[in-house]
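Please open the structure in your viewer and keep the selection tool at hand. The tour below goes from one selection to the next and says what can be found at each stop.

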Amino acid sequence: MENGGRKKSWSELKQVVFELRRQLSTLSTIIPSSVEFRNLKDGRTRIFFLSSPGNGWETTLLYTDITLDETKNGRLQWHPVIESNFQSVSLGARSSREEQLMLERKRLATWGITSYELHHESGKLVFPASSTLFQCTDTGYTNGPLFPAELRMNTSGPKLLPQICPSNPDLVAYVCNADIWVSHTLTGSTQRLTYAHKGGRPLADDPLTAGIPSYVMQEEFNRYQGYWWQPASPDGVYRILYEETDESDVKIYSFPSSNSNSSGEIEQYRFPRAGTPNSKSNLKLLTFQLSDSLQIKDFHNLELQYPLSHIFPWMEYMVRVGWAPNLTNVWVQLLDRRQQRLELVLLSVDNFVEPPPNMYHTENHLSPNCPPAQVISMQTTDVWINVHDLLYMFPVSDCGKLTLIWASEETGFRHLYLITTNIGGHHNGIDESLHNNDSLLVNNRMGVAVPLTSGEWEVLGWSLWVDEEKQLVYFMGLRETPMEKHLYVVSMRRPGEVRLLTRPGFSYSVDLNKECTMCVVVYSNIQKLPACQVFRITHTDWSVDGVNLTPIGYILEPSVPEIEIHSPELFTHQLRSGEVVYAMLFRPHNFSSAEKYPVLLNVYGGPEVQLVSNTFKGMRHLRLHMLAAQGYCVVAIDSRGSHHRGLKFESHLKGRMGTVELDDQVEVLHWLAERMTFLDMDRVAIHGWSYGGYISLMALATKPHIFKVAIAGAPVTSWNLYDTGYTERYMDLPQNNLQGYKAGSILNYVNQFPDDENRLLIIHGMIDENVHFYHTSQLISAMVRAGKPYHLQVYPNERHSLRNLDASKHYETTLLSFLQNHL
């Protein structure tokens, strides 16, 4: 409610939401994403990216060209790769359930082109849409946009996760009906490569899948790919390494159908709750050749002579997989159930053999040509392992020396390490037994690790670029402040000498090309809209001081919004415990220092999320702007346990989620109120989604004297009901932490909820396959038994995120209505 104004009707609030969405859409700069670089033969560099041209909402594929002498630093011309009428004609179909779930796991928008594959040498492009795959080839010299053609495939069912063969762009692999297929795009020849999934059976009788990771691997470890082409095929044999997943022991749950037109149908999902069995994974290898007529022939499905679970009986998760540069080895990162031990393991392709004709009558002995698995690095902790994507392997030398860069949090902060080991015929002097297995199965080849970076700051875990010739390593990090992401460079010749390459006062996301000669930089700060600029990387010498970034031009120029920006203010506070935390405050748009304003604490409170940063808060923070426009002071605080602050800061939550986060939030809120006397601490609301919904419930139950109302979106209500990968990382297994699970369940605090009406609103999507609606139904049942009042808003066709525009607007109207009437 605007301060001092009359209460608005539902119809008026609907109009407020409509108008605010229209006004705030001018803050919606469509930031280029999924950047790829392609070198053309005439010296141009073509930069591909996903974005929305003009004021459109649909994401499409665009490009800009950089010439060799481009230095004007003006606006670079965007060009569509794909004809504009293609998307309206070909991409209008409703997404399949499989596509919806993949987009939900990746947190991607559901309109337009959301991902694409580029073969850099040929210019072939493949992208999934409307349950099928489309292709086109960008020669670099075509006039005008292309009209993609659908791949010829003789199978029904949604096609997901396409990958172009690196050594032959005419071959495209994909996952369909939980198995791997490959198509030759010139001949149309299609081959099903795996037969893990039977199809046409109840889910309980069909537990195997190939090439697609389990739910937990996607949701909690951010690995969405389940198969990997060999980077080259020098012997004419094509190889695909893949993951076969067995979910036999994972419990099945039923949900209402995601098809809004269904009449009472249900859908089933496998979901491993904390303490229950996970899926089991194993690596296999597909090989095939092409005949003279380009038909797929000599197909073989090979498996490890000893499954990974036999070689490493302690392993629970296969978190990362890939090919070593020598093409004869693959690497895998294995994690234990409690997520406190991570090993980087090399396997030879010779470990993969034809399965025995009768699995019950085979001798268990190693073939003389089967080399043992080699453990080349290991990380352990008494907190938890944060899995990341920072691994770079250099070509193996003739004498078997392997050099790699891997990141570790052994000091309490993630840093880069240069590791050298020998994978040839000789040990590196260390010959300890790592495992109880027969030494024929596992060799310890752990090498010497030299820290490239160090200090009480974090290297970000998703991007790493290496200039092998100059021995320079580029990475993103938070050395200047936890609130700003920057690009840095360090030399392998001078470990520890780290140089900042971007300008403080802004936060960045960066993409470099493979040669480390060009980068695309997106930057913003709390007051300035995002801009996107291209730089050329040059050198005066081999050192980090010799690196120069020369601006070439803007893909997205700095701009001033059409409406007045009401940017939040940033605050730093030292807690009584000594740690420094950060907060931000949106003042009401009609602010007057003589008035007092109701306060809304927008909360997350859990791990892996950072709310407060020196980045522009645009449409992703639509609801916070909306609330400030309606006269609320909106506060967000990153308390202990939040992201990018190091392992010790994160571990504040270990084993006790739900019981410690609110103390930090309340301390900072009171500190702000002492400084900002316009905060009305008699009218404080708390609102969050997912973990934030959980903390909102805890706040009203345990601190009802501070929080007048709570709005809890898609809340966890008991950690026993949530998945293994996330819950056990932070809370251990239930049998090891009975008291922590009990103290962290809101179901055990129901009697403490206030008896006053209109203080609690719960919001949940009925088909949420992440935080199941069962969490909310259990809470409601307990509230009814205890005779406690509550309001419930259900969205029957929504998952964990509200994706339908009508549902989003209805939720925003509900939020404003509840707050103006009851705060």
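Which residues of helix 3 are buried? Bear in mind that the model is predicted, and then select residues 97–106, the span of helix 3, where seven of the ten residues are buried. Those buried residues are Glu99, Gln100, Leu101, Met102, Leu103, Glu104 and Arg105. If you now add strand 7 (124–129), strand 10 (159–164), helix 4 (215–221) and strand 18 (266–270) to the view, you will have the elements against which the buried residues of helix 3 pack. Before leaving this region, select arginine 107, which lies just after helix 3 and takes a positive phi of about 60°.

The next stop is a sheet. Select strands 4, 38, 37, 36 and 35, which in that order form an open sheet of five strands with mixed pairing. Strand 4 (74–75) and strand 35 (507–512) stand at its edges, and because each has a single partner strand, one side of each is left without a neighbour in the sheet. Within the sheet, strand 36 (residues 518–524) and strand 37 (residues 531–539) pair in the antiparallel sense over six bridges; to look at one residue pair, select valine 520 together with valine 534, its bridge partner in strand 37.

Now turn to the cysteines. How many disulfides does a search of the whole structure find? The search finds zero. Select cysteine 519 as an example: its closest cysteine sulfur, in cysteine 516, is 9.7 Å away, which is too far for a bond. Cysteine 519 also counts as buried, at 0% relative accessibility, and cysteine 633, with a relative accessible area of 0%, is buried as well.

For the following stop, select residues 622–823, where UniProt, in an unreviewed entry, places the feature "domain: Peptidase S9 prolyl oligopeptidase catalytic". Over this span the chain is 42% helix and 16% strand, and the C-alpha atoms at the two ends are 21 Å apart.

Finish with the nonpolar cores. In the largest, which has 125 residues, select Phe707, Trp719 and Leu819, the members that touch the most other members. Helix 9 (residues 691–702) gives the most to this core, with eight residues. Around leucine 819, leaving aside its neighbours within four places in sequence, you can show its contacts with Leu600, Leu627, Tyr632, Ala685, Val709 and Ile711. A second, separate core has 27 residues, and Ile311, Met318, Val332 and Leu334 are among them.

Definitions and conventions:
Residues are numbered from 1 along each chain as its sequence is written. This is a predicted model: local features need pLDDT of at least 70, side-chain atom pairs count only at pLDDT 80 or more; totals for chains, interfaces and linings use all residues. Side-chain values use heavy atoms; hydrogens and water are left out. Buried means under 20% relative accessible area, exposed over 50%, partly exposed in between (1.4 Å probe, protein chains only). Helices (H or I, at least four residues) and strands (E, at least two) are DSSP runs, numbered from the N terminus. Contact means heavy atoms within 4.5 Å. A disulfide is a pair of cysteine sulfur atoms within 2.5 Å. Two strands pair if DSSP finds at least two bridges between them. UniProt positions are given in the numbering used here, feature names are shortened, and annotations may be inferred rather than shown by experiment. A nonpolar core is a set of buried Ala, Val, Leu, Ile, Met, Phe, Trp, Tyr and Cys residues joined through side-chain atoms within 4.5 Å.
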